[in-house]
Amino acid sequence: MKRKTGVRALLAGISAAALLAAGLGGCGRDPAVATYDGGEVSQQELYNELKRSPSGKTVLANLLIYKALDREYGSSVSAKSVDDAYADYKKQYGDNFSSYLSQNGFTRESFRQSLRTNLLSEVALKRLKKVSEDQLREAWETYRPRVTVQHILVGDESTARRVIAELKAGGDFSTLAGTYSIDTSSKDQGGTVTFEADDRNFDSTFKDAAYALKDGEYTRDPVQVTNGYEIIKMVKNPGKGEFKDKKKELTETVYSKWLRDTNIMRQVISQVLKNEHVTIKDKDLADALDTYKAAMPSLQKK
């Protein structure tokens, strides 16, 4: 098992973008943003430097993307959904949450903004690109159901083998999870977790080993994952079922795949920008959205 590795963020450096978007125009004396002995740095000077910096166009592009998404789909993303996503990350990282934010260049406010951008992007994708019957059948070929397992994550192979020996001797899996597991998010629940085949919070080795088990079985050898070794017990695998009964689940699986596809998401953002008639007035920043202008093929072709 592994923790979430990051946020699918289209938004970066939003605080600096306010200067670019405003153009720092206006009447009267140009305000200073900083002073030093014998001089100052004006807003206009800072704006000019931002325009010349490699990140200036990226900052403007991200701000325009957020504003366009928010205008078109903002009513579909509630404050509660952002709060829930935020709470999920906070729970996932526990005491390391602040470190996670700082390591990824987020403040708590900008992280919430990034989460909202992700949710807006997902709404846009589902509105603009529909899943076809053929795409559902293709997803069905590799479909694996949502399952519930118990797991014990330990730091080294020798400990994992000791746990397996205790299980073979009749030890209780839940009790051993509470004793040995270093996964603090699940050990107090007997190591119980639920996941789907495309869940990126779990290593592929973890998922493959789990799906190979029948209900009640556990792995007889340690399963190596990114952050240690796992012992896994299958609690409930409902089976693949029938295609006609799984279309809703398959649709979400396809959308999850598309959300991770950079080319598809560029097409989505490109269409949103076109729908919102986004235009950059400053000639020095005019090509800030060229990446998205080049991504205009029909969303329904893939």
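**Reading helix α6 and its crossing with α11**

Modeller: This is a predicted model, so let's start inside it: the buried residues of α6 pack against α3 (56-73), α4 (79-93), α5 (97-103), α11 (247-259) and α12 (262-275).

Colleague: What does the chain around α6 look like overall?

Modeller: The secondary structure comes to 13 helices and six strands. Of the 302 residues, 41% count as buried. Among contacts with a separation of 6 or more, 72% are between residues 24 or more positions apart.

Colleague: How many Å should the 21 residues of α6 span?

Modeller: Take 1.5 Å a residue, and helix α6 (residues 108-128) should span 30 Å. Its end C-alpha atoms are 30 Å apart, so the two agree.

Colleague: Which residues of α6 are buried?

Modeller: A general idea helps here: an α-helix has 3.6 residues a turn, so residues three or four places apart point the same way. In α6 the buried ones are Ser110, Phe111, Ser114, Leu115, Arg116, Thr117, Asn118, Leu120, Ser121, Val123, Ala124 and Leu125.

Colleague: And how do I read a helix pair?

Modeller: Two packed helices are described by the angle between their axes and the distance between the axes. For α6 and α11, the axes come within 11 Å and cross at roughly 120 degrees. That angle is why α6 is called oblique to α11. The crossing of the two is right-handed.

Colleague: Which residues make the contact?

Modeller: From α6, Glu122, Leu125 and Lys126; from α11, Glu252, Tyr255, Trp258 and Leu259. Sorted by class, the contact of α6 with α11 has four nonpolar and three charged residues, with no polar ones.

Methods. Residues numbered from 1 in each chain as written. Predicted model: local features only at pLDDT ≥ 70, side-chain atom pairs only at ≥ 80, totals over all residues. Heavy atoms only, no water. Helix = DSSP H or I, 4+ residues; strand = E, 2+ residues; numbered from the N terminus. Expected span 1.5 Å × (residues − 1). Buried < 20%, exposed > 50% of the residue type's maximum accessible area, 1.4 Å probe, protein only. Contact = heavy atoms within 4.5 Å. Axes fitted to C-alpha atoms, helices over the stretch in contact; angles between N-to-C directions. Parallel < 35°, antiparallel > 145°, perpendicular 65-115°, else oblique. Left-handed = near helix turned anticlockwise from the far one by under 90°. Nonpolar A, V, L, I, M, F, W, Y, C, P; charged D, E, K, R; others polar.
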